[in-house]
Amino acid sequence: MNHFLGYQCSHCKREFAPDEVSYTCPHDQGNLDVILDYAQLNRTLSPQRLFHAAEPSLWRYAPLLPIADPGHEHTPLRFAGWTPVFQPQPLREALGLKRLWIKDESKNPTASFKDRASAIVLGRAQEIGAKVVVTASTGNAGAALAGMAASSGQKAVIFAPRSAPPAKVAQLLIYAAEVYLVDGNYDQAFDLSMQAAQEFGWYCRNTGYNPFTTEGKKTAAFEIWEWFRRFENLPLEELTIFVSVGDGNIITGMHKGFTDLLRLGWIDKLPTLVGVQAEGSAAIAQAFDQNLSVIQAVKAHTIADSISVDLPRDGFRALRAVRESEGRFITVSDDEILQAISALGAAGIFAEPAGAAAFAGLKKAINSPWLSADTPVLVINSGSGLKDVRAAMQAAPQAPIIEPTLQALRRMIQ
């Protein structure tokens, strides 16, 4: 049963019926939050029912989603989510933490967190009969849309900056999407995709614009809640979660998921959310530090392309997520991100720069008064290092070249 009641504007708080709007508030262009029928959900659903679901994907939470289960049983669309949680002992010991977990989103079908949003958006596109779905992306959101669309017979159009990592562009092309490389940055690709969607009647997936992206990303919060309730016996409110932030939609989605659980009475308090931005793309962190609600654009430049954005499109809700969870923002340098890639790799986790940024934020916070050795910490790795091999090579030590002889090897290891 679909419990989708409509939307509420995150700015003016006006409410809208499901068929009244599609993307943002018509009065102030504020991002829309999906409203569910929490009272009805409480009467018909329980945590135990969800926990007993056999579905090893985000669709195990179908009753808490605003779309009907779209099917596609044996396609990648069906396998987004339910990503592993690791307990890397070397990292825990190096940081002096008693409890540390990494949730590895690189295990998604197209190897990033963005698969969650694309799965839900494509489900919505199927419901409304959209023939073409379009998005702007530095690579991951586009790859997620392209891969999911290809698996379900949907046409996808992707606008990406020409500077996007070649591995990400290759994914877009191999998934047979219609790809346009924009001679500009992500923000310019975003604006062009919006114009194209309006001109040609395409359904727009854009992050921080389509409210269903947040509904996909909130499923990670459900998984974290289920994991810690079932397997760790740890109250969620004790947890501090580090999340990399670009447009702000991932941390907004996490907050939405935890808020849903709070409204259902299944948790007593939100976990603490810590947003991590690259120093060269820190518009939201700057607004937080200055206690502002309006985000001022920056000229973004960072090795972490997935979180490189001049004007974050979901910055207001990202600020809300951190403030309501009594969290904070941290900024990290590109050098710190590269060091984090190496540190995670040494523990068996291969992260792209944006994914490693969250861990870099944790490393930077270790000596802060608000984070102690007893604090249970979870870090989100949002994407695979194979997405950006150039950055990985910058982080990796140089391998020696030797002659193909045992004598040469002996000289090296002595």
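User: I'd like to start with Arg-320. Which residues does Arg-320 touch, not counting residues up to four places away in sequence?

Analyst: Happy to start there! Arg-320 touches Ser-10, Lys-13, Asp-33 and His-255, leaving aside residues up to four places away in sequence. Keep in mind that this is a predicted model. Arg-320 itself is found in helix H12, which covers residues 315-324.

User: Is Arg-320 buried or exposed?

Analyst: The idea is to compare the relative accessible area with a cut-off: buried means under 20%. Arg-320 has 17% relative accessibility, so Arg-320 counts as buried.

User: And Lys-13, one of the residues that Arg-320 touches? Where is the place of Lys-13?

Analyst: Lys-13 sits in the loop between strand E1 (4-9) and strand E2 (15-16). Its relative accessibility is 45%, so Lys-13 counts as partly exposed.

User: How should I read the phi of Lys-13?

Analyst: Here is the general idea: most residues other than glycine have a negative phi. Now the case here: phi of Lys-13 is near 70°, a positive value in a residue other than glycine. Asn-233 also has a positive phi, near 50°, and is not a glycine. Asn-233 lies in the loop between helix H9 (219-232) and E10. With a relative accessible area of 69%, Asn-233 is exposed.

User: What phi does Gly-265 take?

Analyst: Gly-265 takes a positive phi of about 80°, just after H10.

User: Let's look at H10 then. How do I check the span of helix H10?

Analyst: You can work from 1.5 Å a residue: the 15 residues of helix H10 (residues 249-263) should span 21 Å, and the end C-alpha atoms are 20 Å apart, which agrees. You can also ask how covered the helix is: 13 of the 15 residues of H10 are buried, so H10 is mostly covered.

User: Now strands, please. What holds strands of a sheet together?

Analyst: Strands of a sheet pair through backbone hydrogen bonds, and the pairing can be parallel or antiparallel. One case here is an open sheet of four strands in the order E8-E7-E6-E9, with parallel pairing. Strand E8 (178-182) and strand E9 (203-204) stand at the edges with a single partner strand each, so one side of each has no neighbour in the sheet. Strand E7 (residues 155-161) and E8 run parallel and are joined by five bridges. For an example, find Ala-160: its bridge partner in E8 is Leu-181.

User: Which strand is joined to E11 by bridges?

Analyst: Strand E10 (residues 240-244) is joined to E11 by five bridges, and the two run parallel. Here Ile-241 has Leu-273 in E11 as its bridge partner.

User: How do I read the two faces of E11?

Analyst: In a regular strand the side chains alternate between the two faces of the sheet. In E11, Thr-272, Val-274, Val-276 and Ala-278 are on one side, with Leu-273, Gly-275 and Gln-277 on the other, and all are buried.

User: What about Phe-242: buried or exposed?

Analyst: Phe-242 lies in strand E10, and at 0% relative accessibility Phe-242 counts as buried. Try comparing sequence with space too: Phe-242 and Ile-330 are 88 residues apart in sequence and 9.6 Å apart in space, C-alpha to C-alpha.

User: Last one: which residues form a nonpolar patch on the surface?

Analyst: The patch is formed by Ile-402, Leu-406, Leu-409, Met-412 and Ile-413, with about 490 Å² of accessible area together. Met-412 lies in helix H16 (residues 406-413). At 46% relative accessibility, Met-412 counts as partly exposed.

Definitions and conventions:
Residues are numbered from 1 along each chain as its sequence is written. Side-chain values use heavy atoms; hydrogens and water are left out. Patches are made of residues with over 30% relative accessible area and no salt bridge: like charges are joined within 9 Å, nonpolar side chains (Val, Leu, Ile, Met, Phe, Trp, Tyr) within 5 Å. Accessible areas come from the Shrake-Rupley method with a 1.4 Å probe; for residues, only the protein chains shown count as cover. A salt bridge is a side-chain nitrogen of Lys or Arg within 4 Å of a carboxyl oxygen of Asp or Glu. Buried means under 20% relative accessible area, exposed over 50%, partly exposed in between (1.4 Å probe, protein chains only). Contact means heavy atoms within 4.5 Å. Two strands pair if DSSP finds at least two bridges between them. The expected span of a helix is 1.5 Å times one less than its number of residues.
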